Amino acid sequence: MLSGKYKILYERLISLIDNSRIYHDPLYTLAFGADASFYRLIPKMVIIAKNENEVSLILRESHDLSIPVTFRAAGTSLSGQAITDSVLLIAGSHWKKFSISENGSRISLQPGLKGGYVNSLLAKFGRKIGPDPASIDAAMIGGIAANNASGMCCGTAENSYKTVAGMKIILSDGTILDTRDDNSRKEFKKSHEQLISEIVTLANTSSGNSALSSRIQKKYKIKNTTGYSLNALIEFTDPFDIIEHLIIGSEGTLGFISEIDYRTVLEHPFKASSLIIFPNIESACKAVVLLKSTPVSAVELIDRAGLHSVENEKGIPEFLKSLHEDACALLVETVAPETDVLNRNIDIIISSINDFDTEIQVQFTKIREEYEQLWKIRKGLFPSVGAMRKTGTTVIIEDVAFPIDSLAAATIDLRVLLKKYGYNEAVIFGHALEGNLHFVFTQDFNSREEVDRYGHLMSEVSELVVNKYDGSLKAEHGTGRNMAPFVEMEWGKEAYNLMKDIKRIFDPSNILNPGVIMNSDPAVHLKNLKPIPAASEIIDKCTECGFCEPSCVSAGLTLTPRQRIVVQREITSLKNSGHEPHIAASLTKSFTYPGDETCATDGLCAIACPVKIDTGKLIKKLRSEKIAGNQWLANWIADHMSLVTLVARRALSTVSFLHSVLGTPYMSTITEWVRKLSGNRIPLWNQYMPRGAKIIKQPSHSSSGNSRKVVYFPSCINRSMGIAKNQAPDKQLASAMTDLLHKAGYEVIYPENLNSLCCGMAFMSKGYTSAGEKKSEELEAALLLASGNGVIPILCDMSPCLYTMRENMKSKIKLYEPVEFITDYLLPYLEIAPVDEIITVFPVCSMKKMDLNENLANLARLCAKEVIVTESNCCGFAGDRGFTFPELNKYGLKDLKPQLNLSVKNGYSTSRTCEIGLSLHSGINYKSIVYLVDRTSQQKYI
Ligand SMILES: Cc1cc2nc3c(=O)[nH]c(=O)nc-3n(C[C@H](O)[C@H](O)[C@H](O)COP(=O)(O)OP(=O)(O)OC[C@H]3O[C@@H](n4cnc5c(N)ncnc54)[C@H](O)[C@@H]3O)c2cc1C
Ligand code: SF4
Ligand code: SF4
């Protein structure tokens, strides 16, 4: 419950901001509070801001009431800079506008765009944004710029500081300044005369002080994100240039970035990489110094512990296992506009390190799959430590930089220090060209001794980095709360005072993310540590990195996978503590709709997750626990599948008959009323709901002696659901499928007792695990029998069912979904005459999980003149959830229609239920891709 000045703030804000976007309840504040760091603060209020007017109002009112505000983009920060116990202002999904100009050389971006997406927009111009954090597919522009994030290639030359070309900023008093607009500058000069004059004075003083300005210059020769970007004071004279460069790396403590222009950089099309193994760290680091002057685009150091941590992963070169214990790797990349230049680069690089001993001969690969495999080694380092850690511990990644000529000695010192404090399993890797090293280790924060151990390590690391090597304590991850106590130590008093002045000038009442970057508490880095209790084996490895959020259909509607995990951890922790059981009970109750009911359990979150967590599995487990004593109906249905599908067919046909009598408008109104009266318990009807399917007549089994045979398992959904009103052709899927199979000369074998069979997915997704497993076992036995123990390939006509079968069946039988089967088995026997039409395809989640999206698109391209592949996560229909929680489906497909042009009349997919939602939310008819192939093919006479 809000009280005091927060209550006043809330009342003032709801005059402009829809209160459904302001959260102050325990569940949402906890869920949104978490970021990727190992700190935890729970905000009092979370506001999803939509536009500049709203941000301006929030800042004006917060300024007036002296309430701290923290901005949030994707929440992937690691140093504790994106959390707060006050107001959390989220600027993500509503901030996605962009414009590209100067043939891709310049781009203007709102802060909620993901970095990876921006690069996909620039790809057609052969360009990308400069900053390249490893988190680029999840991190958003606001956070990338405010952290001055960087990665393997951008170094100090192409980060946000170096490539920013203009900015729109909202200051702590709510004023909007657009540095790209002369009028805005003029206005600002008038309204903020003092701010401008103080900035100019600060810049003049810094530039005039030669000792200070050469210190600043030296500090930025290597990567540095400790404190504010002081280089802005000595590199620019125009106050607006200074302001926009100070905002870069200011971690939301100086102002809100509502738009940023970047000068983009070249993305060369030709690449080559080599994993070079040196006998020890020292020689690897010495090689880095020489490589720096060659045409390398990235040089990543991986120590022996790092190589060990990934050596058992799929596709990793075997020789890694046999390397001796001192070995150290450099992963080198070179890029070029054309192959000749690339070859020249490779020669220069190899000859530069000719005099070095290496463990294997230096060889570059230009083959995409091969060099991507090498980079997988590097990218897998952080997750591999995260995945190996003990339950209840956290994984920490530190981020320091040393002058490159000290890299060898500093790396050795760092290893000694880690050993001294017992962090023997720590992995060291990093962007060696920039002297930037990460060390990753697991940490228990559950006891005072462990917190002290970490505290002592950090004190000694600071001594080492600052006093021995004059390096950076944070090279790219931002100061946050983690390094705030050490900023003065790193920079010295004079420079630190400059930073204090900067903060005072921009934010005199200290409301913008206070405690971040500047903090007077010398132990702030050891406070508010995030608890990571064991909650379930399915999610215990979660590092709360947030990489899964972009792939979740319910993100933005209710909760994301990370937020579901955060809440479940809290519920477990409350239950374990035994204190205040009513809080755990109330959180569990509040979780029901946003956490459970609106999870599609599609598992797309696992694809992006570095430790492969499928949060949907957790939700299925929770559903199963909830209904543990109430399984009889599911078991009864499982035992009477044939009867149930018969009833379903009749019910669908009755509803379809009513539809044809009443017409769509009447039918919609009546069914909406009936649903409302039932308290949303009766599923919502829509006009694309099919009529009942005709029963499949199973021929008595007798082999025709045909050499081409297939076991065809029409899923129970397709055995129940026929075609929708107005759907053409008037042919149900099983008929289209068998027609196509026959056309390609296949004999079709149905498994025995077909009408009782089901893959079990419908049961398992609702938590009826034992009924689901029973159906899966029955189906497996029937398929084994029909296929002669797997000799004959097996085809299922719904890809979600096929995916479930692949996941659950234990025998090694060949299982195919339609696209794979058609491509591999039928196309050789068919002639395709593509239709002169623009069609669209939608790869459903199971296709994405099986990595078959491209196969669907390629098959469609054979059959039609033009194919639009729509971009989306899960459609949100989720089995039958589209009928019971239609808002999830509507939200999941909110971007579908804008991707289709008016000439698209037909859409194709591989899941009957998803197709109902797709039709509803696009207005065009979606059906199985089988219909398209059937329509465009004829038998090939060989
Ligand atoms: C596994 C992993 C790997 C990572 N790898 C890298 C890496 O290689 N390099 C690297 O630099 N970082 C890395 N990071 C850290 C982090 O992902 C990046 O710094 C990223 O740029 C943060 O972006 P975000 O959208 O998550 O921002 P958030 O975490 O939401 O916010 C970052 C900061 O920006 C502020 N902010 C957010 N929006 C705005 C706005 N509109 N205006 C003003 N301030 C704003 C916030 O208050 C906060 O202080 C990694 C993180 C993880 C979990
Ligand atoms: S589930 Fe995976 S991707 Fe999501 S926050 Fe946890 S570790 Fe990161
Ligand atoms: S299973 Fe789907 S809806 Fe559920 S958390 Fe994962 S991505 Fe989100």
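Which strands does helix 17 lie across, and at about what angle does helix 17 run to strand 17? The legends below get to that, view by view. This is a predicted model, where local features need pLDDT of at least 70 and side-chain atom pairs count only at pLDDT 80 or more, while totals for chains, interfaces and linings use all residues. Residues are numbered from 1 along each chain as its sequence is written, chains are lettered from A and ligands numbered from 1 in the order in which they are written, and side-chain values use heavy atoms, with hydrogens and water left out.

**View 1. Helix 17 on its strands.** Helix 17 (residues 407–420) lies across strand 15, strand 16 and strand 17, and runs at about 10° to strand 17. Helices (H or I, at least four residues) and strands (E, at least two) are DSSP runs, numbered from the N terminus. Contact here means heavy atoms within 4.5 Å. Axes are lines fitted to C-alpha atoms, for helices over the stretch in contact, and angles run from 0 to 180 degrees between N-to-C directions. Helix 15 (residues 368–379) lies across strands 12, 13, 14, 16 and 17, at about 50° to strand 12.

**View 2. The six-strand sheet.** This open sheet has its strands in the order 12-14-13-16-17-15, with antiparallel pairing. Strand 12 (270–278) and strand 15 (394–401) sit at the edges with a single partner strand each, so one side of each has no neighbour in the sheet. From one strand to the next, the twist averages 20°. Two strands pair if DSSP finds at least two bridges between them; strand 15 and strand 17 (residues 436–443) have eight, in the antiparallel sense. Look for I397, whose bridge partner in strand 17 is V440.

**View 3. The five-strand sheet and its hairpin.** Here the open sheet runs in the order 5-6-10-8-9, again with antiparallel pairing. Strand 5 and strand 9 (176–178) are the edge strands, each pairing on one side only. The twist averages 10° from one strand to the next. Helix 3 (residues 52–65) packs on this sheet, touching strand 8 (164–170), strand 9 and strand 10, and its direction makes about 55° with that of strand 8. Strand 5 (residues 98–101) and strand 6 (residues 106–109) pair over four bridges, and S99 stands opposite S108 in strand 6. These two strands form a hairpin with four residues between them, and E102 in the turn has a positive phi of about 50°.

**View 4. Ligand 1 and its surroundings.** Ligand 1 has 35 residues around it, and F71, T76, S77, S135 and S150 are the closest. (A residue is near a molecule or strand if one of its heavy atoms lies within 4 Å of it.) Helix 5 (141–147) is one of the elements that supply at least two residues of the shell, and its five residues are the largest share. A polar side-chain atom of S77 is 2.7 Å from an oxygen atom of the ligand, and a polar backbone atom of E476 is 2.9 Å from an oxygen atom of ligand 1. (A polar contact is a pair of N or O atoms within 3.5 Å; within protein, one must be able to donate a hydrogen and the other to accept it, and residues adjacent in sequence count only if both atoms are side-chain atoms.)

**View 5. Ligands 2 and 3.** Around ligand 2 are 13 residues, with C542, C545, G546, C548 and C609 coming nearest. Ligand 3 has 13 residues around it, and C552, C599, D602, G603 and C605 come nearest.
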